[in-house]
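Please find below my notes on the model you sent for comment. They are arranged as numbered points, to be read with the structure in view.

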There are 2 protein chains.
Amino acid sequence: MGRGKIPIRRIENPTSRQVTFSKRSNGLLKKAKELAILCDAEVGLVTERYNKVKEECRQLVNPTADVKFWQGEAARMRQQLQYLQQSHRQLFGEELSGLNVKDLQKLENQLETSLKNVRINKGNHIVQENKELQKKVTLLHQEKSDLQKKVLT
Amino acid sequence: MGRGKIPIRRIENPTSRQVTFSKRSNGLLKKAKELAILCDAEVGLVTERYNKVKEECRQLVNPTADVKFWQGEAARMRQQLQYLQQSHRQLFGEELSGLNVKDLQKLENQLETSLKNVRINKGNHIVQENKELQKKVTLLHQEKSDLQKKVLT
DNA sequence: AACACTATTCTTAGTAC
DNA sequence: CGTACTAAGAATAGTGT
């Protein structure tokens with residue numbers, strides 16, 4: 001989709017993350033609008049704020065406005081927290097009463113994907129650890145035989 | 001973007017409109033998800049109206065003190081959010097780089113348990129639905145045979 | 001930061017099942 | 001309602017300004 005393929009995982013470099021956010025946001029918005037027009041649908045796209053907003057740079061010049069700002073921030077985050085906590089419980093398979101069969105199927109698929117990823121990752125870790133242990137074994141063997149030679153002389 | 005270019009205007013044919021909606025919705029969802037992961041942002045597709053926060057209507061008594069209060073609230077919740085989001089990504093099997101083999105094993109076990117719970121729950125749902133459908137079938141059979149009797153007399 | 005370029009990858013319209 | 005295929009076309013990662 002560009003000069004090279006990039007893996008879908010958090011972009012660590014803040015600059016490219018910002019650039020990608022900007023570019024892809026535009027693309028997403030365009031597609032959402034198209035869908036809305038093409039299919040006569042109410043498609044709302046909420047890019048609920050990029051996490052690294054420049055709120056830290058905000059000056060405390062207008063206390064009254066700032067109260068509103070921070071109240072908004074608090075409210076937004078409280079909502080997100082509630083959503084995440086709910087989602088968490090569902091991911092733990094704990095509070096599933098509000099879900100229908102289709103939702104449950106989606107959740108099941110998500111969990112299967114997650115499980116697969118975790119297993120792949122674990123596998124890689126173990127392979128890596130094995131390699132390092134193998135190196136150590138080889139090294140120790142070498143040292144041992146060196147010492148034995150010294151002892152025999 | 002396909003076998004031919006289509007103009008961005010309402011698709012009149014209801015069938016192709018539905019098909020396009022389905023296809024493009026999936027695409028949009030995928031891209032939204034990718035953006036969320038890539039840029040660590042909250043990207044949501046919403047169909048409902050955004051609820052206005054009640055707290056914005058709150059009367060401001062002591063703006064200067066309130067700023068500090070709400071800043072504190074926001075900071076506290078931001079911390080919680082970050083923790084939850086991190087945990088969330090791990091549950092999705094997305095950001096596992098910080099975990100060792102033992103942690104990964106724990107996560108794997110958790111996901112297996114969750115998956116089991118979700119499957120049990122889904123199974124129960126389907127059984128319940130089946131029972132209700134069975135009832136309906138029986139009832140309709142009864143009504144049908146009653147009607148047939150009436151017709152024959 | 002915001003735009004231009006472009007090779008490469010991704011999406012999707014049309015089609016068939 | 002899906003799913004699969006394919007070619008046409010769109011999006012975009014990396015780069016430069």
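The points that follow take up the contact between the protein chains, then a single lysine, and then the two DNA strands.

1. A caution comes before the rest: this is a predicted model, and the distances and areas quoted below should be read as values computed from that prediction.

2. The two protein chains share an interface in which 78 residues of chain A are in contact with 77 residues of chain B. The area buried between chain A and chain B is about 7500 Å², and carbon and sulfur atoms give 67% of that area.

3. Polar links also run across this interface, where the count is 21 residue pairs in polar contact, both residues of each pair being at pLDDT 80 or more. Between chain A and chain B there are 8 salt bridges, and one of them can be inspected at R119(A) and E108(B), whose side chains meet at 2.8 Å, N to O.

4. On the side of chain A that touches chain B, the elements giving two or more residues are α1 (14–39), β1 (44–50), α2 (63–91) and α3 (101–152) of chain A. Of these, α2(A) gives the most, with 21 residues. By class, the residues on this side of chain A divide into 37 nonpolar, 21 polar and 20 charged.

5. Is K122(B) buried or exposed? This lysine, which has its place in helix α3 (residues 101–152) of chain B, counts as buried because its relative accessible area is 14%, and the cut-off for that class is under 20%. Leaving aside residues up to four places away in sequence, K122(B) touches V101(A), L104(A), Q105(A) and E108(A).

6. Turning to the DNA, strand C has 16 residues around it, of which M1(A), R3(A), M1(B), K23(B) and K30(B) come nearest. Helix α1 (residues 14–39) of chain B supplies the largest share of the surface near DNA strand C, with 6 residues, and by class that surface has 3 nonpolar, 5 polar and 8 charged residues.

7. Which parts of DNA strand C does the protein approach? Of the atoms of this strand within 4 Å of the protein, 68% belong to sugar or phosphate, and the rest belong to bases. On the base side, a polar side-chain atom of K23(B) lies 2.8 Å from a base oxygen of DNA strand C, while R3(B) brings a backbone N or O atom to 3.1 Å from a base nitrogen of the strand. On the phosphate side, a polar side-chain atom of R24(B) lies 2.8 Å from a phosphate oxygen of DNA strand C.

8. DNA strand D is surrounded by 18 residues, the closest being M1(A), K23(A), G2(B), R3(B) and Q18(B). Sugar and phosphate account for 65% of the atoms of DNA strand D that come within 4 Å of the protein.

9. Individual contacts to DNA strand D again involve phosphate and base atoms: an N or O atom in the side chain of R24(A) is 2.9 Å from a phosphate oxygen, a polar side-chain atom of Q18(B) lies 2.4 Å from a phosphate oxygen, and an N or O atom in the side chain of R3(B) is 2.6 Å from a base oxygen. The elements giving two or more residues to the surface near this strand are α1 of chain A together with α1 of chain B, and α1(A) gives the most, with 6 residues. The residues of that surface divide into 3 nonpolar, 7 polar and 8 charged.

Terms used: Residues numbered from 1 in each chain as written. Chains lettered and ligands numbered in written order. Predicted model: local features only at pLDDT ≥ 70, side-chain atom pairs only at ≥ 80, totals over all residues. Heavy atoms only, no water. Near = heavy atom within 4 Å. Polar contact = N/O pair within 3.5 Å; in protein donor to acceptor, adjacent residues only side chain to side chain. Helix = DSSP H or I, 4+ residues; strand = E, 2+ residues; numbered from the N terminus. Nonpolar A, V, L, I, M, F, W, Y, C, P; charged D, E, K, R; others polar. Contact = heavy atoms within 4.5 Å. Buried area = accessible area lost by both parts, 1.4 Å probe. Salt bridge = Lys/Arg side-chain N within 4 Å of Asp/Glu carboxyl O. Buried < 20%, exposed > 50% of the residue type's maximum accessible area, 1.4 Å probe, protein only.
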